[in-house]
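The following note is offered to a colleague who wishes to review the packing and the helix geometry of this entry. Please read the points with the coordinates open.

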Amino acid sequence: MFAKDHIEYEAVDLPDRTELSDAEMLTEAQAFYDKIKRRHTVRDYTDRQVPREVIEECIRAAGTAPSGANHQPWHFVAISDPAFKHRIRLAAEEEERKFYEGGAGDEWLKALEPIGTNDDKPHLDQAPWLIVVFAQRWGHFDDGERFKNYYVPESVGIASGFLLTALHCAGLVTLTHTPNPMRFLNEMLGRPASEKPIMIVAVGHPTADAKVPKVAKMKKPLDEILTVAE
């Protein structure tokens, strides 16, 4: 993507501009909150398929996220093949068993009790798509020479947020799954050593009797998450 002989600053006019009144801004902000508060983390999926084009457009949206030095240090692998998904489930559950059998520590396991999770991950089979998010710790110029990426966790975190929001806006539900370690995904998906798997996002439609943990909808009020200095 980058050429060493074209690394220089060049300004262009702002290509997109939105002009809203104060009242319109508030209306848009409230409308977005109303939509995003209906996003749920779901573990129960139907067998209804999701078109590949929908997944591609949501990942395209994720790719517009800001990043350190605009290096865009991410890669997404989208998987719909049932056999492939099952291999991922088996490998993830192996790591999860170690986690729940003591690897996580008592305090962490206690914190997870209200969420109701365990080492059984059927959603990795059931969801029509799994999207694996990789963070690229370094990249390469077009001549093959290696360069460092910057603010990688922050950049990939923002892009992942864009992805989850895009999928929600497309009418889909998701589950972010983070088995640790996840190095098995590099070999399984043919990704280079420069990339670190960050999460697996299960994507699909919820079953009619889908459940969510009650505690998951207990969000902190605004006065606990906001301090204003003016």
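Which residue just after α3 takes a positive phi?

1. The residue is glycine 105, whose phi is about 90 degrees. As with everything below, this value is taken from a predicted model.

2. Helix α3 itself covers residues 82–103, 22 residues in total. From its first C-alpha to its last the helix reaches 29 Å, close to the 32 Å expected at 1.5 Å a residue. At its N-terminal end α3 is capped by aspartate 81, a side-chain oxygen of which lies 3.3 Å from the backbone nitrogen of alanine 83.

3. The buried residues of α3 include charged side chains: Lys85, Arg89, Glu93, Glu95 and Glu96 are listed together with Ile88, Ala91, Ala92 and Phe99. In considering this pattern, recall that an α-helix has 3.6 residues a turn, so residues three or four places apart point the same way.

4. The structure holds three aromatic pairs. In one of them, phenylalanine 99 and tyrosine 100 meet edge-to-face, with 5.0 Å centre to centre and 75 degrees between the planes. Phenylalanine 99 counts as buried because its relative accessibility is 15%, under the 20% limit; tyrosine 100, at 21%, counts as partly exposed. Phenylalanine 99 also forms an edge-to-face pair with tryptophan 108, at 4.9 Å centre to centre and 85 degrees between the planes. Ring pairs thus link Phe99, Tyr100 and Trp108 into a cluster.

5. Two arginines are placed over aromatic rings. The charged end of arginine 87 sits 5.2 Å from the ring centre of phenylalanine 84, over that ring. Arginine 146 lies over the face of tryptophan 138, and here the distance to the ring centre is 3.6 Å.

6. The largest nonpolar core comprises 23 residues, and those with the most contacts inside it are Ile55, Phe76, Ile131, Leu163, Leu167, Val201 and Val203. At least two residues of this core come from each of α2 (52–62), β1 (74–79), β2 (129–136), α6 (152–169) and β6 (195–204). Helix α6 gives the most, with seven residues. Apart from this core lies another, of 21 residues, among them Val42, Tyr45, Ala127 and Met182.

7. Valine 203 merits separate inspection. Leaving aside neighbours within four places in sequence, valine 203 is in contact with Ile55, Ile131 and Leu167, which are among the residues with the most contacts inside the largest core. Its partners also include Tyr45 and Ala127, both of which belong to the other core. The remaining contacts are with Pro128, Trp129, Leu172, Val173 and Thr174.

Key
Residues numbered from 1 in each chain as written. Predicted model: local features only at pLDDT ≥ 70, side-chain atom pairs only at ≥ 80, totals over all residues. Heavy atoms only, no water. Core = buried A, V, L, I, M, F, W, Y, C linked by side-chain atoms within 4.5 Å. Buried < 20%, exposed > 50% of the residue type's maximum accessible area, 1.4 Å probe, protein only. Helix = DSSP H or I, 4+ residues; strand = E, 2+ residues; numbered from the N terminus. Contact = heavy atoms within 4.5 Å. Phe/Tyr/Trp six-rings, centres within 6.5 Å; stacked < 30°, edge-to-face > 60°. Lys NZ or Arg CZ within 6 Å of the ring centre and 35° of its normal. Expected span 1.5 Å × (residues − 1). Polar contact = N/O pair within 3.5 Å; in protein donor to acceptor, adjacent residues only side chain to side chain.
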